[in-house]
Amino acid sequence: MKSLPTIFAAFREDRTDRINLRALIKLLLILLSLVVTYSILFHILMLREGQEHTWLTGFYWTLTVMSTLGFGDITFHSDLGRLFSVVVLITGVVFLLVLLPFTFIEFFYAPYIRAQERAKAPTKVPENTEGHVIMTNYGPVARSLIRLLNDYGYPHFVLTSNLEEALDLQRKGLPVILGDWTNPDSFQRLNIEKARLIVTTLDDVTNTNITFTARELSDNVTIVASASTGGVRDALELAGVTHILQLEELMGETLARRVIGNDAKAHVIGAIDDLRIAETGIARTSLPGKTVAESGISEKTGMVVVGRWDRGSYFPTDLTTPLRQESILLLAGTDKQIQEYNDVYGVATEESCKVVIVGGGRVGRALSRALTNAGIEWVIIEKIAERVLDIEHKIIGDASEFEVLVEAGMRGAASVIITTHDDPTNTFLTIFYRRLRNDLQIISRCTRPESASRLHRAGADLVLSYASMGANTIFTYLRGSGTVPLGDGVNVFTTHVPSSLAGVTIAKSEVRSRTGCSIIALEIDGQRQFNPGPDQSLPKDGSLVLVGSPEAEQEFLKTYEPDTKP
């Protein structure tokens, strides 16, 4: 329980509450003046009737009549006196029974209760807080980001100006600070000078104001702000933003990179310096049915098979892992090695790689631009014609109607990408399309991360979470260039060689079997060695580049305890 001074201090902070309190005090003064006036008139009228009473009796009579108690022990005998009693009675009903209770509750009691609640919400971080992350919106992206921050031990706080939200988050055990986004004092109470990152994912105007306020207070803090359109970039950059997050564009570009196509070629989906991470479908190659060792991929191209996707689930691989018809391989290598892989395993085909895009919203339109840049044919199916007025390849209709799908060319399409923001709709369409064609690559967007597993069960080959993608991108900015998110459930990350592994060969380290992470590169004396062999010793002062799921990364950090936090 907060102390009374703290509660009244919170009470005084609200301008509306202060105005209401002044109004209540004015009403009480008016009421007091009426009581005094009626007491004086009581004495005058009683003297006219030949009755004498003390001043205390006058106050007593006035209060009993105004409060309608009316004990009846003191009464007037003249008509004038009785008329005066009626006036006092009506005044009391209006003031004591109507105005005063309402005003007291509305102007004092309710604000006092709110002030009590406000006093419970913290308004500043502990004095020794540093290296923390500040978020201004507790939405899907923030929820996913908080899970990552908790996993890696980064202190963080949510800044909100809404008291109810602050108390709700506090009840959920989340670190929350109550304050005004655009008030410099709020950020000073957040110890912004020692903060590591500020993330704001509100509307464009609010994001720009928050960025401007924060940048005025600190030149060093990294600020990540979302933008709904490219036109907002200039305003955010002028305000001092460090990184601009256009999630719709990012989602569209990422979805476009995951289109496998009909040529079985490897497509780059991520990179760290000269190291490339690529995906490839093997259905049209001679690889299905073989193990990784039997495939000869490493011997023929120099690339390493580090994992595989099977119906949306990622699995690390070793030499004995069987390659399946539906598997999407995750490969690591250089640009030259990728070209060699495409020369060896790429399939010459005259079929065009056509993609059907379901949904013409911002993500769908961004995806169409990315596919155009990649030279891939596409068509958008959209119900609302106004959304796709400037789109050339479009079909207006319901994406669940068979005639619309035939018109869109679903029979010969290599991939269908579902981009609507409604997860239940995406699940329905995924089930429908999988029943239509078992060999179709189905990629779906999901808004909530928890919907990803449901979409995989429905038949999606790949699901990209809007919230997870945003959180992973922000987390990459937090940790630096040594981390690359490849999609839901897979990251490439760097770390120093743990002291327990120094001098140990990769084979004897058992990193893959113990943690699920694969070592895809070593850095020794500033030189990066790609795809090191099993007999390669791990250098004491070197760094590792690994690929694995977030759970595998956590297991690696827990098992080997690297000397430096990534």
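Which backbone nitrogen does the side chain of Thr515 reach, and at what distance? I began my notes on this predicted model with that question, and I found that the side chain of Thr515 comes to 3.2 Å from the backbone nitrogen of Cys517.

**Entry 1, Thr515.** I placed Thr515 in helix α20, which covers residues 511-515. Besides Cys517, I noted that the side chain of Thr515 reaches the backbone oxygen of Val511, here at 2.6 Å. I then asked whether Thr515 is buried or exposed. Its relative accessibility is 8%, and because buried means under 20%, Thr515 counts as buried. Leaving aside residues up to four places away in sequence, I listed Ala552, Glu555, Phe556, Thr559 and Tyr560 as the residues that Thr515 touches.

**Entry 2, the sheet.** I traced an open sheet of 6 strands with parallel pairing, in the order β14-β13-β12-β15-β16-β17. At its edges I found β14 (394-396) and β17 (462-465), each of which pairs on one side only. From one strand to the next, the twist averages 15°. I followed helix α10 (residues 247-257) onto this sheet, where α10 touches β15, β16 (441-446) and β17, and where the direction of α10 makes about 165° with that of β17. Within the sheet I looked up the pair formed by β12 (residues 354-358) and β15 (residues 415-418), which run in the parallel sense over 4 bridges. In this pairing, Ile357 stands opposite Ile417 of β15.

**Entry 3, helices α5 and α18.** I next turned to helix α5 (residues 140-152) and helix α18 (residues 466-479), whose axes come within 8 Å and cross at roughly 45°. That angle lies outside the ranges for roughly parallel (under 35 degrees) and roughly perpendicular (65 to 115), and α5 and α18 are therefore oblique to each other. I recorded the crossing of α5 and α18 as right-handed. On the α5 side the contact is made by Pro140, Val141, Ser144, Leu145, Leu148, Leu149 and Tyr152, and on the α18 side the contributing residues include Ala467, Gly470, Ile474, Phe475 and Arg479.

**Entry 4, His267.** Last, I looked up His267, which is found in strand β7 (residues 267-272). Its relative accessible area is 25%, and His267 is therefore partly exposed. I noted that the side chain of His267 reaches the backbone oxygen of Lys265 at 3.4 Å. How far apart in space are His267 and Ile25? I found 73 Å from C-alpha to C-alpha, for a pair that is 242 residues apart in sequence.

Terms used. Residues numbered from 1 in each chain as written. Predicted model: local features only at pLDDT ≥ 70, side-chain atom pairs only at ≥ 80, totals over all residues. Heavy atoms only, no water. Pairing = 2+ DSSP bridges. Axes fitted to C-alpha atoms, helices over the stretch in contact; angles between N-to-C directions. Contact = heavy atoms within 4.5 Å. Buried < 20%, exposed > 50% of the residue type's maximum accessible area, 1.4 Å probe, protein only. Polar contact = N/O pair within 3.5 Å; in protein donor to acceptor, adjacent residues only side chain to side chain. Parallel < 35°, antiparallel > 145°, perpendicular 65-115°, else oblique. Left-handed = near helix turned anticlockwise from the far one by under 90°.
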